[in-house]
Amino acid sequence: MAKKPLLEFTDRGIYCARGKFYIDPWQPVDDAVITHAHADHAYPGNKHYLAHHLSKEVLLYRLGEIQLQTVEYGETVMKNGVVISLYPAGHVIGSAQIRVEYQGEVWVVSGDYKVEDDGISTPFEPVKCHHFISECTFGMPVYTWKPQVQIFEDINNWWRTNLHNGMATVLVGYSLGKAQRILQNLDLFNGKVYTHGVIENTNDALRRNGVLLNPTERITPDSIKEEVRKGIILAPPSSVGTTWMRKFQPYSFGYCSGWMAIRGAKRRRAADRGFVLSDHADWNGLISAIDATGCESVYLTHGYTASFSRYLNEIGFDAHEVHTLYGDDEEASPQPSSEEREQTSEGDEKQKNADQVLSLGEDLGEAGGPVS
Ligand SMILES: [Zn+2]
Ligand SMILES: [Zn+2]
């Protein structure tokens, strides 16, 4: 009889039967190892969590009181004889690839990752393994990123032009990852950075975790509109089209997402400017990352899994599509996100957790997203 693989794909998540733990489970389990704090990877309701220490405060903020053990990159933890260690995924601050080893067999679960060094997340590190579990959110050749310095030059120039024209500047990006990456690359000679509460809560959590971020000012009902209009406003996707955003009119509204690489994406989001900035690997990044692992087989969890696995098989990899509930953290739903609703029901942890379970679709792409 063939021996059971070290990791398997179950209806609760990626499971290690030998070690009796799950990686990024979407159903409550006893023992969860978490790649990063995005809602489609870190679900509430698990008895015990293991994650990188830079994910700690964001996890506590998003999931409430949880039993959490944290580790450094490269540190090892044993579970029933199985060796677990975390390596940088370069996706957002604290994101990790999970390396699992038993009797010489090595699996790596990448979670979400990108290969470009964004200057704030610990840069992606290829890890040698026999079996590699990869995302492929942007696994199509049309998704090819420019170096981020070019994107931020465009963003800073656009902000200056808006100031010159008496327009406010509203820039939209996901609250964990994109928002901090933008914040650290803005030209602060232009003016101050103002933040939507959802972004500032995440910034605060990261600061509690010891992460040094540029100064920001939270927008509150007491903020002076004319002052805010002289700076730049960082807002989450859920704020698009809300009265909250409209009160800063007239403004130019920019959207940061990998989806901006395709025609029509900007128009569909009613944005004035689309900036192609993603926290996921692009086409070349995915292939180089998979190749660098030297793996025998690769399992594709989310994104263009069908076409990308076909392509990988053509060029000589042993690639497989697997079914998971991981989504796309680049995108917003047209409905208010869990985070926005969270803001209105602050302090109600139970409601917050329930909202997070119910709204995982928030992170799924719309038209232009994965077709698989
Ligand atoms: Zn993510
Ligand atoms: Zn994800």
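Strand 9 and strand 10 (residues 105-109) pair in the antiparallel sense, joined by 5 bridges. In this predicted model, the two strands form a hairpin with 2 residues between them. Gln103, in the turn, has a positive phi of about 45°. Within the pairing, Tyr102 stands opposite Glu105 of strand 10.

Strand 9 (residues 96-102) also pairs with strand 8 (residues 82-88), again in the antiparallel sense, over 6 bridges. Here Leu86 stands opposite Ile98 of strand 9.

Later in the chain, the arrangement is parallel: 6 strands form an open sheet, and their order across it is 14-13-15-12-16-17. Strand 14 (217-218) and strand 17 (273-275) are the edge strands, each pairing on one side only. At the strand 17 edge, the neighbour is strand 16 (residues 251-256), which runs parallel to strand 17 and is joined to it by 3 bridges. One residue pair in this region is Gly254 with Arg273, its bridge partner in strand 17.

Towards the other edge of the sheet, a helix comes into the picture. Helix 4 (residues 197-208) lies across strand 13 (193-195), strand 14 and strand 15 (232-235). The helix runs at about 105° to strand 13.

The confidence of the prediction should be considered alongside these features. The protein chain has an average pLDDT of 89, and 88% of the residues score at least 70. Over residues 332-372, however, pLDDT stays under 50. For that stretch the model has 74 contacts beyond four places in sequence.

How values were computed
Residues numbered from 1 in each chain as written. Chains lettered and ligands numbered in written order. Predicted model: local features only at pLDDT ≥ 70, side-chain atom pairs only at ≥ 80, totals over all residues. pLDDT = per-residue confidence, 0-100. Contact = placed C-beta atoms within 7 Å. Pairing = 2+ DSSP bridges. Helix = DSSP H or I, 4+ residues; strand = E, 2+ residues; numbered from the N terminus. Axes fitted to C-alpha atoms, helices over the stretch in contact; angles between N-to-C directions.
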